[in-house]
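Colleague: I'm new to this one and would like a close look at a single part of it. Could you pick out a stretch in the middle of the fold and walk me through what surrounds it, then work outwards?

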Amino acid sequence: MLSGKKKLIGTFLSELYSPNIPVLFKSCGFDYFVVDCEHGCFDYGEVAALSAVSKQVRIPMLVRISSNSRDHILKYMDMGVAGLLVPMVSTSDEIRQVVEYAKYEPWGKRGITTKRAHSNYKCDDILAYMEQANQETVVLAQIETAEGLKNIKQIAETVGLDGLIVGPTDLTSDLGIAMQFESKIFRDAVHRIYQHASDAGKLSGMIISNTNVLRDCERLGMQILCWNSELGMLMKGAELGLKELRS
């Protein structure tokens with residue numbers, strides 16, 4: 001997902017389910033999408049179906065997880081998802097645990113099973129496959145707490161972590177400046193997250209529906225931009241169409 005790309009623009013799947021959603025996102029031109037299993041109510045079967053279709057149409061699918069537990073993470077990895085977005089990361093120990101469950105030795109201790117969707121049910125060379133999976137599996141830490149900002153250097157340097165993603169709504173709230181995305185405090189926080197990610201050789205980005213804020217992130221040098229969701233786009237399109245029809 002991350003190799004050879006200077007900028008990735010994705011979106012969120014928040015609530016609505018159809019196995020053809022990955023086809024729709026691919027047709028729209030998105031580079032990837034995130035299934036929100038933190039706030040969303042998707043079950044394992046739905047996520048597995050979405051993952052299968054996303055692999056067929058070649059659009060990477062990440063899952064924002066609701067728990068750092070081994071059984072939770074392992075199920076998503078065995079489905080063949082492209083990676084994980086880990087919310088509310090406040091310490092390096094938290095993200096290190098996810099890396100341990102999501103990646104194989106020597107970076108982690110992911111359980112090995114090969115006749116599964118993640119390997120297309122075929123694996124002739126297990127060691128070669130494990131090495132390839134470690135390189136291709138994406139683990140992103142979402143920074144959205146004051147404690148996470150305080151510990152950002154240690155989090156960024158976690159072995160096996162691929163990038164840092166700003167969660168602007170919760171981060172501004174935890175910093176006492178809720179929704180003040182133009183605040184110097186928030187801008188300085190974003191710059192700090194970007195700088196530590198860059199220093200550690202990691203990527204960085206943000207999740208927000210505000211395109212002006214995302215453009216600022218891009219100008220800063222962030223590479224992973226996540227804009228809006230299926231719900232936001234549906235409502236925005238409906239509001240625009242109704243406004244035109246009723247004017």
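**Around Leu164**

Modeller: Let's start with Leu164, and keep in mind that this is a predicted model. Setting aside residues within four places of it in sequence, Leu164 is in contact with Ala141, Ile143, Ile152, Ile155, Ala156, Ile193, Ala197, Leu203, Ser204 and Gly205. So what is Leu164 part of? Along with Val47 and Leu84, Leu164 touches the most other members of the largest nonpolar core, which has 54 residues. The element that gives the most to this core is helix α9 (residues 184-199), with six residues. There is another core lying apart from this one; it has 15 residues, including Leu8, Leu85, Ile165 and Ile207.

Notice Ile165 in that list, right after Leu164 in the chain. In a regular strand, side chains alternate between the two faces of the sheet. Strand β6 (residues 163-166) is covered on both faces: Gly163 and Ile165 are buried on one side, Leu164 and Val166 on the other.

Now look to either side of β6. Strand β5 (residues 138-143) runs parallel to β6, and four bridges join the two. Within that pairing, Leu140 stands opposite Gly163. Strand β7 (residues 203-207) also runs parallel to β6, again with four bridges between them. Here the bridge partner of Gly163 is Leu203, and you have met Leu203 already as a contact of Leu164.

Next, go to helix α4 (residues 92-102). Its buried residues are Ser92, Ile95, Val98, Val99, Tyr101 and Ala102. Some of that spacing fits a simple rule: an α-helix has 3.6 residues a turn, so residues three or four places apart point the same way. Among the elements covering the buried residues of α4 are α3 (70-79), β4 (83-86), β5 and α7 (152-156). That brings us back to β5, the strand that pairs with β6.

For a contrast, try helix α11 (residues 230-246). How many of its 17 residues are buried? Just one, so α11 is hardly covered. From first C-alpha to last, α11 reaches 24 Å, close to the 24 Å expected at 1.5 Å a residue.

Let's move on to charged side chains. The structure holds twelve salt bridges. One of them joins Lys7 and Glu218, whose closest N and O atoms are 2.9 Å apart. Lys7 is in the segment before β1 (8-13) and Glu218 is in helix α10 (residues 211-220), so this pair ties together parts that are 211 residues apart in sequence. Lys7 is partly exposed, at 35% relative accessibility, and Glu218 is partly exposed too, at 35%.

Another salt bridge links Glu157 and Lys153, with 2.7 Å between the closest N and O atoms. Glu157 counts as partly exposed at 45% relative accessibility, and Lys153 counts as partly exposed at 43%.

Then there is Arg187, whose side chain meets that of Glu182 in a salt bridge (2.6 Å, N to O). Arg187 is partly exposed at 38% relative accessibility, whereas Glu182 is exposed, with a relative accessible area of 54%. This pair doesn't stand alone: Glu182, Arg187, Asp216 and Arg219 are linked in a network of salt bridges.

What about the cysteines? The structure holds zero disulfides. Take Cys28: the closest cysteine sulfur, in Cys226, is 14 Å from its own, which is too far for a bond. Cys226 is in no disulfide either, and its nearest cysteine sulfur, that of Cys217, is 12 Å away. Buried or exposed, which is Cys28? Cys28 counts as exposed because its relative accessibility is 54%. Cys226, at 3% relative accessibility, counts as buried.

Finally, find Asn120 in the loop between α4 and α5 (126-136). Asn120 is exposed, with a relative accessible area of 58%. From there, look across to Val213: the two residues are 93 apart along the chain, and their C-alpha atoms are separated by 39 Å.

Technical notes: Residues numbered from 1 in each chain as written. Predicted model: local features only at pLDDT ≥ 70, side-chain atom pairs only at ≥ 80, totals over all residues. Heavy atoms only, no water. Core = buried A, V, L, I, M, F, W, Y, C linked by side-chain atoms within 4.5 Å. Buried < 20%, exposed > 50% of the residue type's maximum accessible area, 1.4 Å probe, protein only. Contact = heavy atoms within 4.5 Å. Pairing = 2+ DSSP bridges. Expected span 1.5 Å × (residues − 1). Disulfide = S-S within 2.5 Å. Salt bridge = Lys/Arg side-chain N within 4 Å of Asp/Glu carboxyl O.
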